[in-house]
Amino acid sequence: MKEKSEKSVAMYGVVPASEIIGETVVNRQNENVGKIHELVIDAKKNRVVYAVLSFGGFMGVGNKLFAMPWEAFEFSQTDNKLILNVDKEKLKAAPGFEKGDKWPDFKDTLWGESIYNYYNYTPPWKS
């Protein structure tokens with residue numbers, strides 16, 4: 001068995017966005033809560049700020065989108081999926097938007113603070 005090099009250990013967790021978009025998301029109870037629809041980055045600060053989660057509907061119709069703090073997710077150590085640290089009931093009541101509607105202004109820090117506060121996370125621009 002080949003040992004991990006120092007470089008491969010340092011690169012752990014670095015993945016192309018295309019591998020995350022479309023990825024299945026489950027909650028702590030291993031219930032499917034949707035898929036990653038989009039990633040929103042802060043190009044000036046070199047960080048992911050939101051993952052847009054697609055949730056609900058049937059066969060892609062009626063899906064609602066939710067901007068979620070990136071910190072609310074973690075990668076599964078055993079499967080190709082992300083784990084969301086939010087229960088399904090809180091997600092059902094979460095502020096969201098429709099795919100065909102005008103998306104929120106992700107640059108609006110007041111809107112962003114309301115999203116981060118809903119999920120009990122500190123916005124990255126306040127830390």
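Tryptophan 70 is partly exposed, because its relative accessible area is 21%, a value that lies between the 20% below which a residue counts as buried and the 50% above which a residue counts as exposed. This value, like the others discussed here, comes from a predicted model. Phenylalanine 75 is likewise partly exposed, with a relative accessible area of 35%. The ring centres of tryptophan 70 and phenylalanine 75 lie 6.4 Å apart and their planes meet at 70 degrees, so the two rings form an edge-to-face pair; an angle over 60 degrees is what places a pair in that class.

A second pair may be read in the same way. The rings of tryptophan 103 and phenylalanine 106 have centres 6.3 Å apart, and because their planes stand at 80 degrees this pair is edge-to-face. Tryptophan 103 is partly exposed, with a relative accessible area of 27%, and phenylalanine 106 is partly exposed at 21%. The structure holds 11 aromatic pairs. Tryptophan 103 and phenylalanine 106 also belong to one aromatic cluster, whose other members are Tyr50, Phe97, Trp111, Tyr116 and Trp125. Another aromatic ring has a charge as its partner: the charged end of lysine 90 sits over the ring of tyrosine 118, at 4.5 Å from the ring centre.

Tyr50, a member of the aromatic cluster, leads to the strands. The bridge partner of tyrosine 50 in strand 4 is proline 69. Strand 3 and strand 4 (residues 64–69) run antiparallel and are joined by 6 bridges. Strand 3 is also joined to strand 2, again in an antiparallel arrangement, by 7 bridges. In this pairing, isoleucine 36 has leucine 53 of strand 3 as its bridge partner. Strand 3 is largely enclosed by the rest of the structure, because 7 of its 9 residues are buried.

Strand 2 and strand 3 form a hairpin with 4 residues between them, and asparagine 46 in the turn has a positive phi of about 55 degrees. Two further asparagines deserve attention for their backbone angles. Asparagine 30 has a phi near 65 degrees, a positive value in a residue other than glycine, and is located in the loop between strand 1 (24–26) and strand 2. Asparagine 120 is not a glycine either, yet has a positive phi of about 60 degrees. Asparagine 120 occurs in the segment after helix 4 (109–118) and is exposed, since its relative accessible area is 64%, which is over the 50% cut-off.

The hairpin strands and the aromatic cluster can be followed to the second largest pocket. The lining of this pocket consists of Val40, Ile41, Asp42, Arg47, Val49, Tyr50, Phe106, Lys107, Asp108, Thr109 and Trp125. Strand 2 (32–42) and strand 3 (47–55) are the elements that give two or more residues to this lining. Tyr50, Phe106 and Trp125, named in the lining, are also among the members of the aromatic cluster. By residue class, the lining divides into 6 nonpolar, 1 polar and 4 charged residues. The space in the second largest pocket amounts to about 230 Å³.

How values were computed: Residues are numbered from 1 along each chain as its sequence is written. This is a predicted model: local features need pLDDT of at least 70, side-chain atom pairs count only at pLDDT 80 or more; totals for chains, interfaces and linings use all residues. Side-chain values use heavy atoms; hydrogens and water are left out. On a 1 Å grid over the protein atoms alone, a cavity is a set of points where a 1.4 Å probe fits but cannot get out, and a pocket is an open set with protein on both sides within 12 Å along at least five of seven lines; lining residues have an atom within 4 Å of a point. Grid points are joined across faces, edges and corners, and a volume is the space filled by probe spheres set on the points. Ala, Val, Leu, Ile, Met, Phe, Trp, Tyr, Cys and Pro count as nonpolar, Asp, Glu, Lys and Arg as charged, and the others, Gly among them, as polar. Buried means under 20% relative accessible area, exposed over 50%, partly exposed in between (1.4 Å probe, protein chains only). Two strands pair if DSSP finds at least two bridges between them. Rings of Phe, Tyr and Trp (its six-membered ring) pair if their centres lie within 6.5 Å; planes under 30 degrees apart count as stacked, over 60 as edge-to-face and the rest as tilted. A charge sits over a ring if NZ of Lys or CZ of Arg is within 6 Å of the ring centre and within 35 degrees of the ring normal.
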